Protein chains: 2
Amino acid sequence: MENLLETINSPKDLRGLSVEQLEHLADEMRDFVTHSVSQTGGHLASNLGIIELTIAMHRVFDFQKDRLLWDVGHQCYAHKILTGRKDRFCQLRQEGGLSGFPSPDESDCDVFSVGHAGTSIATALGMALGAQHNQTDEKIVALVGDASIVNGLSFEALNNTGLVKRQMLIVLNDNSMAIDVTQGAMAGFLSRVRLSHTYEDIRKTTNRILEHLPLVGKPMEEAIENVKKTLRMANTPSRLFESMNIPYFGPVDGHDIGSLIELFGALSHLDRPAILHVYTRKGKGYSPADDDPRKYHSTGPFEVNGDTGSPDREQRSFTAAFGDAVAELGQRDSRIAAITAAMSDGTGLAKFRQQFPQRYYDVGIAESVAVDIAAGLARQGLRPVVCIYSTFLQRGFDQIFQEASLQNLPVTFCIDRAGAVGSDGPTHHGFLDIGFLRMLPNLTVAAPADERELKAALYAAAAGSGPFAIRYPRDTVPVIPENTDAYAVGKSAVVRRGDSEFVLVTLGPLLKEALDAAEQLQKQGIRVTVVNARFAKPIDAALAEWFAQGKTVILAEDGCITGGFGSAVLERMLQIAAERNNPALRQTIGKAVLLGAPDSFVPAANRGRQLEWMGLTAQKLAQIVLELHSPTNPVQILK
Amino acid sequence: MENLLETINSPKDLRGLSVEQLEHLADEMRDFVTHSVSQTGGHLASNLGIIELTIAMHRVFDFQKDRLLWDVGHQCYAHKILTGRKDRFCQLRQEGGLSGFPSPDESDCDVFSVGHAGTSIATALGMALGAQHNQTDEKIVALVGDASIVNGLSFEALNNTGLVKRQMLIVLNDNSMAIDVTQGAMAGFLSRVRLSHTYEDIRKTTNRILEHLPLVGKPMEEAIENVKKTLRMANTPSRLFESMNIPYFGPVDGHDIGSLIELFGALSHLDRPAILHVYTRKGKGYSPADDDPRKYHSTGPFEVNGDTGSPDREQRSFTAAFGDAVAELGQRDSRIAAITAAMSDGTGLAKFRQQFPQRYYDVGIAESVAVDIAAGLARQGLRPVVCIYSTFLQRGFDQIFQEASLQNLPVTFCIDRAGAVGSDGPTHHGFLDIGFLRMLPNLTVAAPADERELKAALYAAAAGSGPFAIRYPRDTVPVIPENTDAYAVGKSAVVRRGDSEFVLVTLGPLLKEALDAAEQLQKQGIRVTVVNARFAKPIDAALAEWFAQGKTVILAEDGCITGGFGSAVLERMLQIAAERNNPALRQTIGKAVLLGAPDSFVPAANRGRQLEWMGLTAQKLAQIVLELHSPTNPVQILK
């Protein structure tokens with residue numbers, strides 16, 4: 001068969017193709033995605049699983065007018081290929097290149113920039129209500145995975161679908177696996193459904209479809225006849241959704257393009273919200289990914305079908321260091337329990353899970369309840385460690401406030417992916433955690449600079465009596481021989497002393513950059529002092545010394561400047577100046593320089609570039625000091 | 001019958017009483033609560049509805065050892081009466097008095113301080129897992145209302161009950177009404193249940209109970225026999241919960257103490273999580289509250305059975321002013337839609353709801369989806385106004401980040417109860433919104449000082465193209481004749497000019513306090529300048545003028561100092577000093593004084609007292625200026 005993929009430049013080009021041709025196209029797209037991701041890195045398994053489903057949706061709907069809402073969205077590659085972005089895959093997830101997630105900036109066919117779970121049904125609900133208000137007839141389609149539907153936001157949306165009095169289709173893409181295996185009652189429910197592929201209720205189902213269908217004559221009747229042949233309606237699956245008054249159809253084979261087209265055609269005419277349950281196989285068609293979809297969830301570049309297909313990094317990551325530290329702590333202290341929200345590998349908990357399965361809990365993509373379970377465990381005398389990426393912990397903000405901070409319970413939050421995250425981009429940066437956590441009374445917020453500090457912080461948290469957050473980036477752990485001071489909660493450490501007027505105060509592993517900058521500056525005769533702040537809360541009163549000496553204090557953090565660590569230092573210095581009635585201190589507070597993430601969205605790129613844009617690399621820090629030393633051309637950093 | 005209530009000082013005193021005596025006690029408690037709340041104000045209707053249920057739970061369980069988890073918790077009065085706190089009801093919700101919510105500080109029988117919805121099943125899950133780990137046998141009981149079970153957090157918890165391999169009872173207290181009527185599919189589901197009070201499946205139900213019961217001999221068999229007589233098992237209700245693998249029992253009459261005792265006795269021996277659905281009547285027994293439970297949800301003092309029982313305030317509140325403004329705006333602009341999370345009256349939306357029912361959405365206590373629905377509406381060209389109390393908007397933080405800020409959509413957040421809330425205390429203060437909102441790019445954060453500004457802010461938001469937050473307190477709208485400057489987004493206004501070194505910069509209606517302080521100070525010869533900041537984001541560059549003049553700038557906000565408005569001004573001043581390379585400005589930034597909520601929890605009291613503790617009343621502001629003018633005794637404010 002001819003090379004079809006070359007001829008597809010927009011979804012309109014699918015129209016003339018037969019089902020057989022579309023199946024052939026799916027195979028070509030599968031090859032394209034596999035080879036493309038092998039060059040650039042990216043999400044593989046989920047994208048291989050959803051190709052036929054994507055083709056079928058685009059064949060039936062017109063997503064320049066109709067609206068397709070993605071959930072999390074990392075499975076949108078086939079969608080991007082079909083909507084004119086095929087040629088940009090060589091720059092997938094790279095600086096200035098194609099986003100790994102839906103992006104309205106790239107295409108009219110993308111409605112929301114997404115990356116967090118549970119938003120598709122929720123925003124689809126708003127879109128459908130908007131269409132209802134506008135009296136327009138575009139179709140609204142929410143695509144949600146079995147991992148995302150367990151999120152509380154999905155449920156809140158399902159519970160409110162009754163507000164919608166028009167078409168709105170929820171496609172449940174069920175591949176029985178989030179990044180790890182989907183957890184909880186919903187997963188059990190869906191797996192029971194998978195076991196009961198009976199066709200016995202086909203008549204009932206089609207009748208139900210017909211009941212809701214406006215009459216559209218002969219062609220529709222024929223479509224329904226076809227649907228009868230392909231639609232499966234088990235007894236069980238309808239219970240959950242239909243008890244919520246949402247008509248349920250399925251499960252259907254998500255790799256059967258012809259049937260999917262018939263189904264979407266019929267369901268697109270339903271005049272009320274409905275759910276179609278589609279069963280797909282993650283990693284389908286590329287056997288290494290099919291065999292181990294977890295490994296190929298998100299990968300760096302690899303060799304197709306080769307031996308070196310490991311996405312593991314060579315250097316030791318903060319994640320790996322944390323994984324070892326928490327497993328060791330679990331060995332020493334039987335009160336330690338670990339909780340994750342579907343990210344046991346991503347957060348480094350695999351080892352702990354293996355060694356202490358009885359003290360390990362994966363709640364699925366449900367960060368809010370993860371925090372509350374931890375609070376309950378802490379109330380029972382345990383020492384729970386909650387492991388969630390910074391950006392996703394935003395979902396637990398209110399629970400951290402009420403169930404951890406207000407109760408002053410010893411819950412430890414281990415926050416991976418804090419700071420710039422590289423190629424995942426704006427939806428995934430962990431820039432806000434310092435700001436939202438440090439507002440909460442009783443919390444300690446630590447940012448270890450290296451592995452020794454990470455371990456020390458974790459042990460201090462377990463030994464303490466209140467909530468404790470430990471943040472670290474998606475990066476390798478730097479080796480910092482100079483960083484030898486004893487670790488004490490709330491205390492900073494002077495790592496290098498210099499006689500110039502400049503003091504670089506860093507939070508977390510930026511210490512390494514500051515020390516490298518100091519080396520560079522020394523060559524130019526400027527000897528700067530370097531301080532490892534260690535904590536964003538509380539702020540060490542000892543930092544006042546540098547202000548009182550009239551130094552220019554540069555405060556660097558891998559987090560947003562707004563409300564961040566730098567502001568925390570300013571607040572504390574004002575407080576100390578007032579307490580000590582120290583005018584000299586007051587006069588130099590305003591000399592502080594705040595460096596961190598700007599009040600805008602930092603685009604996808606590699607993490608090193610992002611740090612550079614924020615003025616946080618050794619070279620930029622040195623440049624900034626030089627400029628302050630002798631103002632000439634201002635250093636370019638993101639505002 | 002004797003006065004039983006006088007004899008009850010702890011739950012142990014219930015043990016010797018007959019069912020008839022307990023019923024009599026319930027009547028006495030109902031009188032006690034009604035008269036007590038009529039004196040102090042407080043939550044009435046929900047507390048009247050739950051008295052028998054509370055008595056029955058305390059008769060069966062021992063909540064000094066067993067653990068009772070409340071949801072929201074404002075319905076805990078009967079519980080407090082039975083657990084030794086009866087004599088403190090004269091000081092309910094008052095400074096130094098009894099909290100209106102569960103409080104571990106008050107009693108061993110209270111496990112968590114709560115006030116937000118959806119936490120009971122979630123924390124109970126953690127408690128049960130903790131007991132499982134500890135191998136202890138205390139019973140875990142989560143009490144959740146039909147309004148709270150629709151919250152996403154409840155669902156995430158229900159979805160994870162499979163982790164628990166021991167007893168854990170969820171009591172669904174169904175009174176068919178949150179503060180407003182419960183919304184959504186779950187409400188429909190529960191109301192269908194209410195209509196199907198069939199007894200036909202009693203045998204099936206009791207068999208199911210027996211199936212899960214460990215054998216405990218004759219007494220248990222007798223209890224089961226009794227249960228047979230009282231337990232109702234409809235066909236429908238089991239579907240939702242049992243599809244999630246959670247055994248469901250009910251619905252049962254929540255005012256039938258004898259039956260409830262039998263039931264709790266039987267269910268307390270179940271060796272796995274289960275749900276008991278109890279039907280109660282809000283306001284039961286006090287006819288004005290029974291007739292209009294919404295009015296008597298939370299009330300000020302009133303006259304029992306009298307004509308003047310209105311909880312309405314005499315003075316115009318921010319809530320009322322907003323209600324009028326949004327209804328008027330809705331008239332002018334058909335794109336305006338309003339969204340609330342079960343608080344249409346509390347947020348002032350009743351008028352809008354009445355006038356524009358097609359553009360009004362109540363999603364139940366589900367703040368997360370409220371934000372996402374708004375984002376969807378905005379994508380469709382509407383101008384949604386999301387009305388949520390500050391403390392509950394914390395539940396929408398991540399949605400505001402991803403669905404509003406990142407997409408830069410014109411969603412307006414109208415944030416009532418921002419700042420100190422008075423008698424509801426720590427769980428309800430709105431101190432965090434400035435901090436968490438101003439971190440988000442694209443957002444505007446306004447704090448109107450009076451009604452004119454509130455309206456101007458709302459109109460500016462509707463005319464703008466990005467997300468816009470408007471915060472205002474639970475308070476009356478001050479009348480400020482001096483506040484006449486034209487309103488422009490991002491611009492502050494100088495309301496009073498003085499020649500002293502002091503500039504009071506206030507956010508929101510604190511302007512009134514500052515002007516009053518200025519009057520007081522003028523009498524002592526100190527003429528202060530008063531500036532109405534109007535916005536917490538962006539910060540007006542014009543504020544730099546005061547610093548550049550060497551003034552002492554006092555920044556006052558009804559929000560937490562940490563990461564708040566004051567810090568925003570410091571950050572902006574540092575930025576301006578750098579841009580203008582202005583050393584004079586740098587030298588005075590450190591003279592700033594930050595006033596606001598401390599890094600600790602501000603206790604329940606009246607709002608005026610709380611503002612006083614934070615140094616935000618006219619008198620305190622004047623004192624602070626005097627002290628700065630001539631330092632003597634430091635002014636006492638909360639740290």
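## A tour from one sheet to the whole pair

Start in chain A by selecting strands 9, 8, 10, 11, 13, 12 and 17: in that order they make an open sheet of seven strands with mixed pairing. Strands, like helices, are DSSP runs numbered from the N terminus (E, at least two residues, for strands; H or I, at least four, for helices), and two strands pair if DSSP finds at least two bridges between them. This is a predicted model, in which local features need pLDDT of at least 70 and side-chain atom pairs count only at pLDDT 80 or more, while totals for chains, interfaces and linings use all residues. Residues are numbered from 1 along each chain as its sequence is written, with chains lettered from A and ligands numbered from 1 in the order in which they are written.

**The edges of the sheet.** Colour strand 9 (360-362) and strand 17 (535-537) of chain A: each stands at an edge with a single partner strand, so one side of each has no neighbour in the sheet. From one strand to the next, the twist averages 20°. Now zoom in on strand 17 of chain A, which runs antiparallel to strand 12 (residues 444-446) of chain A and is joined to that strand by two bridges. Here you will find Ala446(A) opposite Phe535(A).

**The helix on the sheet.** Next, select helix 19 (residues 451-463) of chain A, which packs on the sheet and touches strands 8 (336-340), 10 (383-389), 11 (412-416), 12 and 13 (468-471) of chain A. Its direction makes about 170° with that of strand 13 of chain A; axes are lines fitted to C-alpha atoms, for helices over the stretch in contact, and angles run from 0 to 180 degrees between N-to-C directions. Two residues are in contact if their C-beta atoms, placed from the backbone, lie within 7 Å.

Which residue should you click in this helix? Try Ala462(A), which lies in helix 19 of chain A. Ala462(A) counts as buried because it has 20 C-beta neighbours inside 10 Å; the cut-offs are 20 or more other C-beta atoms within 10 Å for buried, 12 or fewer for exposed, and partly exposed in between. Leaving out residues up to four places away in sequence, Ala462(A) touches Leu329(A), Asp333(A), Ile336(A), Arg383(A) and Thr412(A).

**An enclosed strand.** Move to strand 19 (residues 593-597) of chain A, which is largely enclosed by the rest of the structure, because five of its five residues are buried. Strand 18 (residues 552-560) of chain A pairs with strand 19 of chain A in the parallel sense, over four bridges. One bridge to show is that between Ala556(A) and its partner Leu595(A).

**Zooming out.** Show chain A whole: there are 25 helices and 19 strands in chain A, and 62% of its 639 residues are buried.

**Both chains.** Finally, display chain B too. A rotation of 180° with 0.0 Å of shift along its axis superposes chain B on chain A, with an RMSD of 0.0 Å (least squares on the C-alpha atoms of residues with pLDDT of at least 70 in both). That is the relation of a two-fold axis. To find the axis from chain B, select Gly152(B), whose C-alpha is the nearest in that chain, 1.8 Å away.

How many residues does each chain bring to the contact? There are 97 from chain B and 97 from chain A. Helix 5 (residues 119-134) of chain B gives the most to the side of chain B that touches chain A, with 12 residues.
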